[in-house]
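Subject: Structure handed over, with notes on its strands and turns

Dear colleague,

Please find below the structure that I promised to pass on to you. My notes follow it, and I would be glad if you read them with the model open beside you.

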Amino acid sequence: MKLEKTDIIHSLYNATNVGWDAANNKWLASDKDGKAINVVSEDVDAEYAKQEYKNKRANEYPSVVDQLDLIFHSGIDAWKAKIKETKDKYPKS
């Protein structure tokens, strides 16, 4: 699953509703009571950049089917080595 900026806004601000106002070029968000939340785009961008490794990893991991095939034919250690290549290439920030 790809990490989106809306996910970041939900997480940072505990927002229930999130949307993009294209006319005003800004994020709109509200809490569970419908109260507007002031979203700071710079904070969202910074947190998104910090977590971008998740998207990069997801793009490079083999499919689940291929991972299971690797485990079946070569064992858990071979699978761990394959997954570690991607984790090492895109470490957590």
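Ala29 stands opposite Ile37 in strand S3, and Ser30 stands opposite Ala36, which is also in S3. These pairs belong to the contact between S2 (residues 26-30) and S3 (residues 36-37), two strands that run antiparallel and are joined by two bridges. Helices and strands here are DSSP runs, of H or I with at least four residues for a helix and of E with at least two for a strand, and they are numbered from the N terminus; two strands count as paired if DSSP finds at least two bridges between them.

Before going further, please keep in mind that this is a predicted model, in which local features need pLDDT of at least 70 and side-chain atom pairs count only at pLDDT 80 or more, while totals for chains, interfaces and linings use all residues. Residues are numbered from 1 along each chain as its sequence is written, and side-chain values use heavy atoms, with hydrogens and water left out.

On its other pairing, S2 is joined by five bridges to S1 (residues 17-21), and these two strands also run antiparallel. Within this pairing, Trp20 has Trp27 of S2 as its bridge partner, and Asp21 is partnered by Lys26. Taken together, the three strands form an open sheet in the order S1-S2-S3, with antiparallel pairing. S1 and S3 stand at the edges and have a single partner strand each, so one side of each is left without a neighbour in the sheet. As background, strands of a sheet pair through backbone hydrogen bonds, either parallel or antiparallel.

The turns deserve a careful look as well. S1 and S2 form a hairpin with four residues between them, whereas the hairpin of S2 and S3 has five residues in between, and Gly34 in that turn has a positive phi of about 85°.

Most residues other than glycine have a negative phi. Which value does phi take in Asn25? It is near 55°, a positive value in a residue other than glycine, and Asn25 lies in the loop between S1 and S2. Asn14, in the loop between helix H1 (5-13) and S1, likewise has a positive phi near 55°. Asn14 counts as exposed because its relative accessibility is 64%, and Asn25 counts as exposed at 57%, where exposed means over 50% relative accessible area, with a 1.4 Å probe and protein chains only.

With kind regards

Technical notes
Buried means under 20% relative accessible area, exposed over 50%, partly exposed in between (1.4 Å probe, protein chains only).
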